[in-house]
Amino acid sequence: TFQKPLSVSYAMQRAMRTMSSPGRGGYAAARAAEETAFRCRSLAAELFGVPSPEQVVFTSNATHALNIAIRSLVPEGGLIVANGDDKNTLDALDGLSLVRFGMAETNDVYGTNFSEDYRCFDVVCGGKPYCHLELGVIGRHNAMNALAACAVCWKFSIPAEAVQRAL
C-alpha cells in the first residue's frame with residue numbers, strides 16, 4: 001500500500017543510517033542488518049506458523065513472491081487455471097502453461113450472454129459451446145468462480161451436463 005504508518009518511515013530511516021546489506025561482511029552495520037532481518041524472519045515464522053525462520057523468504061514485491069511460490073509449487077505438467085482478464089496474474093504466470101478463464105473472448109474458457117445479475121450465462125471452452133449455467137447465486141464474482149470451475153472440468157473432460165448439475 002502507498003500509505004505507510006509513520007513507524008515504518010522511522011524504522012526505514014534508522015535502518016538507512018545504521019545498517020548495510022545483510023550477509024555482506026563482518027562489520028557492525030552488516031551484522032546489525034543481518035540480525036534485524038533474522039528477527040523479522042523469526043517474527044514472521046511465529047505469526048504464520050512456519051517451523052523455522054530459515055523457511056521465510058522476503059521478496060521485493062508481491063509479483064516476485066507469487067512467481068517464486070507458483071513456480072516452486074506447481075509440478076511439471078501440473079494444471080494452472082488463471083483469471084485471464086487480470087494482467088497482473090498473467091504477468092506472474094508468464095512462460096507457464098495455463099488455462100485462462102474470464103469474461104473476455106480471448107480466454108480459453110469464457111462466459112457469454114450473461115443475464116443482468118450474472119446468474120445465467122453460456123460457457124465457451126476452447127472456442128466451442130460447453131454449457132449453459134443457471135447459478136443459484138448472483139454476481140460477477142460468482143460467475144467468475146463458476147467459469148474457473150468450468151475450466152478445470154473442461155480440462156479433465158468432465159461432461160457439461162455434470163457441470164450444469166453441480167453448479
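In this predicted model, strand β1 (residues 81-83) and strand β2 (residues 99-102) run parallel and are joined by three bridges. Within this pair, Val 81 has Val 99 of β2 as its bridge partner. The connection from β1 to β2 passes through helix α4 (residues 87-92), and the resulting β-α-β crossover is right-handed. Strand β2 is in turn joined to strand β3 (residues 109-112) by two bridges, and these two strands also run parallel. Here Phe 101 is partnered with Val 109 of β3.

The direction of pairing changes after β3. Four bridges connect β3 to β4, and this pair is antiparallel; Gly 111 is placed opposite Val 123 of β4. Strand β4 additionally pairs with strand β5 (residues 128-134) in the antiparallel sense, over six bridges. In this pairing Cys 125 has Lys 128 of β5 as its bridge partner. The hairpin formed by β4 and β5 has two residues between its strands, and Gly 126 of this hairpin adopts a positive phi near 60°. Strand β4, which thus pairs with β3 and with β5, is mostly covered, five of its six residues being buried.

The loop between β3 and β4 (120-125) contains Asn 113, and Tyr 118 is found in this loop as well. Both residues have positive backbone phi values without being glycine: phi is near 55° for Asn 113 and about 65° for Tyr 118. Their solvent exposure was also evaluated. Asn 113 has a relative accessible area of 57% and therefore counts as exposed, the cut-off being over 50%. Tyr 118, with a relative accessible area of 26%, is partly exposed.

A further loop residue, Asn 107, is located between β2 and β3. Its relative accessibility is 4%, so Asn 107 is classed as buried, for which the value must be under 20%. The side chain of Asn 107 makes a polar contact of 2.8 Å with the side chain of Asp 85.

Charged side chains were examined next. Side chains of opposite charge can pair when their charged atoms come close. Two salt bridges were counted in the model. One of them links Asp 91 to Lys 87, with the closest N and O atoms 2.7 Å apart. Because Asp 91 and Lys 87 are four residues apart in helix α4, about one helical turn separates them. Helix α4 is also the element through which the chain crosses from β1 to β2, and this salt bridge accordingly lies within the crossover connection. The two partners fall into separate accessibility classes: Asp 91 is partly exposed at 38% relative accessibility, whereas Lys 87 is exposed, with a relative accessible area of 57%.

The other salt bridge is formed by Arg 100 and Asp 108, whose closest N and O atoms are 3.7 Å apart, a separation that satisfies the criterion of within 4 Å. Arg 100 is partly exposed, at a relative accessible area of 24%. Asp 108 is likewise partly exposed, with a value of 23%.

Turning to the helical part of the chain, helix α2 (residues 28-48) comprises 21 residues. From its first C-alpha to its last, α2 reaches 30 Å, close to the 30 Å expected at 1.5 Å a residue. The buried residues of this helix are Ala 30, Ala 33, Ala 37, Ala 44 and Ala 45. Viewed down the axis of α2, these buried residues fall within an arc of 110°, and therefore they line one face of the helix. The face turned away from this buried side bears the exposed residues Ala 28, Glu 35, Leu 43, Glu 46 and Leu 47. Just after α2, Gly 49 has a positive phi of about 70°.

Conventions:
Residues are numbered from 1 along each chain as its sequence is written. This is a predicted model: local features need pLDDT of at least 70, side-chain atom pairs count only at pLDDT 80 or more; totals for chains, interfaces and linings use all residues. Side-chain values use heavy atoms; hydrogens and water are left out. Two strands pair if DSSP finds at least two bridges between them. A crossover is right-handed if, with the strands pointing away from the viewer, the path from the first strand over the helix to the second runs clockwise. Buried means under 20% relative accessible area, exposed over 50%, partly exposed in between (1.4 Å probe, protein chains only). A salt bridge is a side-chain nitrogen of Lys or Arg within 4 Å of a carboxyl oxygen of Asp or Glu. The expected span of a helix is 1.5 Å times one less than its number of residues. The arc is that of the directions from the helix axis to the C-beta atoms. A polar contact is a pair of N or O atoms within 3.5 Å; within protein, one must be able to donate a hydrogen and the other to accept it, and residues adjacent in sequence count only if both atoms are side-chain atoms.
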